[in-house]
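Thanks for making time this morning. I would like to go through one model with you, moving from a pair of residues to a whole chain and then back to a single position.

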Amino acid sequence: MDIHNYEKLWLVLAMVMIVGFISTTTYGATALGIEMISDDEETIDPNALDEDPRFSEPRVEQVGENEYEAYVVARQFVFEPDPITVPANSTVTFYITSADVIHGFEVVGTNANTMVIPGEVATLTVEPNEPGEYGILCNEYCGGGHHVMEGKLVVEPEAEFDRGEADE
Amino acid sequence: MSDALEAGASTFVDQFPAESKVVRAALWSSFLSLALGAVFGIIQSLHRTDVLRVFESADYYTILTAHGVLMVVSFTIFFLVGLFTWAVVRSLDRPVENIRYTWTWYGLMVTGSLMAVIAILGGFVDSTSLSADVLFTFYAPLQAHPLFYGGLAIFLIGTWLAGADWFRSWWAWKQDNPDERIPLQTFMVLVTMLMWYIASIGITIAVVGFLLPWSLGLIDQVNPLLTRTLFWFWGHPVVYFWLMPAYLLWYTVLPKIAGGRLFSDPLARVVFVLFLLLSTPVGIHHQYLDPGIADGFKFIAMTNTMFLLLPSLLTAFTVVASVEHGARQRGGTGLFGWLRALPWRDPAFTGMMLAGLMFAAGGFSGMINAGLNINYLVHNTLWVPGHFHLTVGTAVALTFMAATYWLWPQLTNRRLYSRPIGLAQVVLWFVGMALMSNAMHVAGLLGVPRRTAEPQYEGFAFEPMFGSIAELDIQLAVGGTILFVSTLLFVVNIALSSGTPRVSGLSSSLPPALSGPNDAPQVLDNIKLWFGIAFVLVILAYTLPLASIVSRGGLLGPGGDAFPMIAAPIKSTLTPILSVSVEWLGGLVA
């Protein structure tokens, strides 16, 4: 087969670019430790969430010195709990599941983003540093009221968060 | 190939009047879908930017479903079957084997799409259980009326029979021409259809195996992750099903319009074979953010996806080289001066070139989508529709419209009603899409979601780095309006062309490539081999992920109900019939 020299050069450059893309993505996934949504959790019956110790009462729970777990339920057309309040300078692992259809869970302006599929539990870990408020929105069509489905992530200064805990 | 056609003595319709009729019918089905889809398109672009809200926001999703299905199922695939019928008949220079069979598959496709569209439009009527507000992706447990799934199934069967028609033509031709290479256009059609058959496995299992019986109430629940994964098994290769007819036009028609000929026939074949091999084992890249699929499978899908860039990069080279060759044949000189020698006043040429230019931009935003980690920032944001309005919405759609300006006279023996309107139309499309798609990409980076009627929230606001959300909204709405005007100009121009007088001498021949088929290694034409390899690759890519999903959640899922619950009334009418027939059968056995 007759291939023009320029075309051979183009072919080589294209392959170099492709391998480059794969390398940078791999670097991001391994060396930088950007975690991916995976299949860590067992499946769950979306009709029996009220029997599940994590999701019967959606909440934030302290599990280590500076570690928290947030159990979040997405349902037409709310997130529970709302707001989700966590302390600054901590590590928070979200466990998110759906009580009905497929939803999305997107912390606006960040890469904390996952699909929420009934029957599956999505896990993602974030390390909020600065106190502040972030919007949460559903980014997968979930029915006629999809556009009103929103929530809030409140990152409180540590002292304030501890006071709030003590009050309860 | 026909001497008469090649010499330009007679048009396609002169030689194949019966086939021309089928091709015209398919193209009209395509253009009507485009026009209706565009009406829903402009309603959306004005609604979500809050410029004009004619419908209630809950109805936005009915409109969005109709826009998606009409554009990417009816418009694109009806055009494909028309174009492929033309390409096979023309390049083999023989009529279809049985024209009644050809009309049969066309009829099935029409029936199927009417069923689906009726089910979708039923969403506007509250008094009926008819509804399919499930969007183009119909993710369970959102549930559509059975008419929707049934329509999809019948439409798919129509496309399979169409493929069989073209294989049959090729087989008959091969008996008469045992030693010849498969003509390039027929080769492209056959390889594309092999890809389609493999891709269809996923959606057939999802629709016929799960969703249709579920919507009829025969099974109570499905596994949402499984049906979703089966959807994307088909949902990525379908992207190439839209794109391959555009590639066929870029390879075989564009060089001719530019005044030259294709640079390399063998490399065109290589590109199509690469698409057959690589376009299916990548669907999981649409599911990077899905819980329940191991990150390792996502990583494999990512690497496969990156290699899928190769055939498109090769195409960019070949198309530009062929156009440059054409320009130099027309007297163009200089490093870039040859660009001036091209036929920019021809809407067919300018449209296809602008489509190719936007495809380059769409290719780059696609590479970003494919990047596993950066995808977290843009997944399900407005960035994604921004991307695919450049690819299917321009590279494909604008190429189809532009090519129609060249093809239509040869199917009708009538001149185009107006070439200047045609030229304005393709330029308007480019301008409108540049505005709309740019606004979508920027808004997506800010986190503005796709698929929503009102991207305005109570508890927070999106914060642009520069400019404002209001400016982006205006850009999107103006772009969407220009695109709507452009669509109308196209459809009206083609419709008015049937009023121009019949003339002769409109034929336009397609010259063979500079480096012809005989330079290609024989193995390239061994389509059985490529089909086999493609099939093995799909088995390798999907067996483990699917097995894992089923073993985790069960074939029919870990539980959960259907939404909306329209299965209830249907089930209540169906159950008595079923129980009666079961009793009757029981009586027979006893």
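**Two cysteines, then chain B**

A:C138 has a relative accessibility of 0%, and therefore it counts as buried. Please keep in mind throughout that what you see is a predicted model, so that every value I quote is computed from predicted coordinates. A:C138 takes part in no disulfide, and the cysteine sulfur nearest to it, which belongs to A:C142, lies 3.9 Å away. A:C142 is likewise in no disulfide, its nearest cysteine sulfur being that of A:C138 at 3.9 Å. Why is this pair not counted as bonded? Because a disulfide requires the two sulfur atoms to be within 2.5 Å, and the sulfur of A:C142 is 3.9 Å from that of A:C138. A:C142 is buried as well, since its relative accessible area is 0%. When the search is extended to the whole structure, it finds zero disulfides over all chains.

Let me turn now to chain B, beginning with its secondary structure, which consists of 20 helices and zero strands. For 590 residues, a compact globule would be expected to have a radius of gyration near 25 Å, and chain B, at 24 Å, agrees with that. Taken along the principal axes, the box filled by the C-alpha atoms of chain B is roughly 75 × 70 × 50 Å. Of the 590 residues in chain B, 63% are buried. If we consider the contacts in chain B between residues at least 6 apart in sequence, 84% of them join residues that are at least 24 apart.

As for the surface, chain B exposes about 21,200 Å², and 68% of that is supplied by carbon and sulfur atoms. Chain B carries 28 positive and 30 negative charges, and the mean positions of these two sets are 9 Å apart.

Finally, a single position: where in chain B does B:V191 sit? B:V191 is placed in helix α7, which covers residues 184–215, and with a relative accessible area of 2% this valine is buried. Leaving aside residues up to four places away in sequence, B:V191 touches B:F272, B:V273, B:L276 and B:I527. As a further point of reference, B:V191 and B:L544 are separated by 353 residues in sequence and, from C-alpha to C-alpha, by 27 Å in space.

Terms used: Residues numbered from 1 in each chain as written. Chains lettered and ligands numbered in written order. Predicted model: local features only at pLDDT ≥ 70, side-chain atom pairs only at ≥ 80, totals over all residues. Heavy atoms only, no water. Helix = DSSP H or I, 4+ residues; strand = E, 2+ residues; numbered from the N terminus. Rg over C-alpha atoms; globule rule 2.2 N^0.38 Å. Buried < 20%, exposed > 50% of the residue type's maximum accessible area, 1.4 Å probe, protein only. Contact = heavy atoms within 4.5 Å. Areas by Shrake-Rupley, 256 points an atom, 1.4 Å probe, with all protein chains shown as cover. Lys, Arg positive; Asp, Glu negative; His and termini not counted. Charge placed at Lys NZ, Arg CZ, Asp CG, Glu CD.
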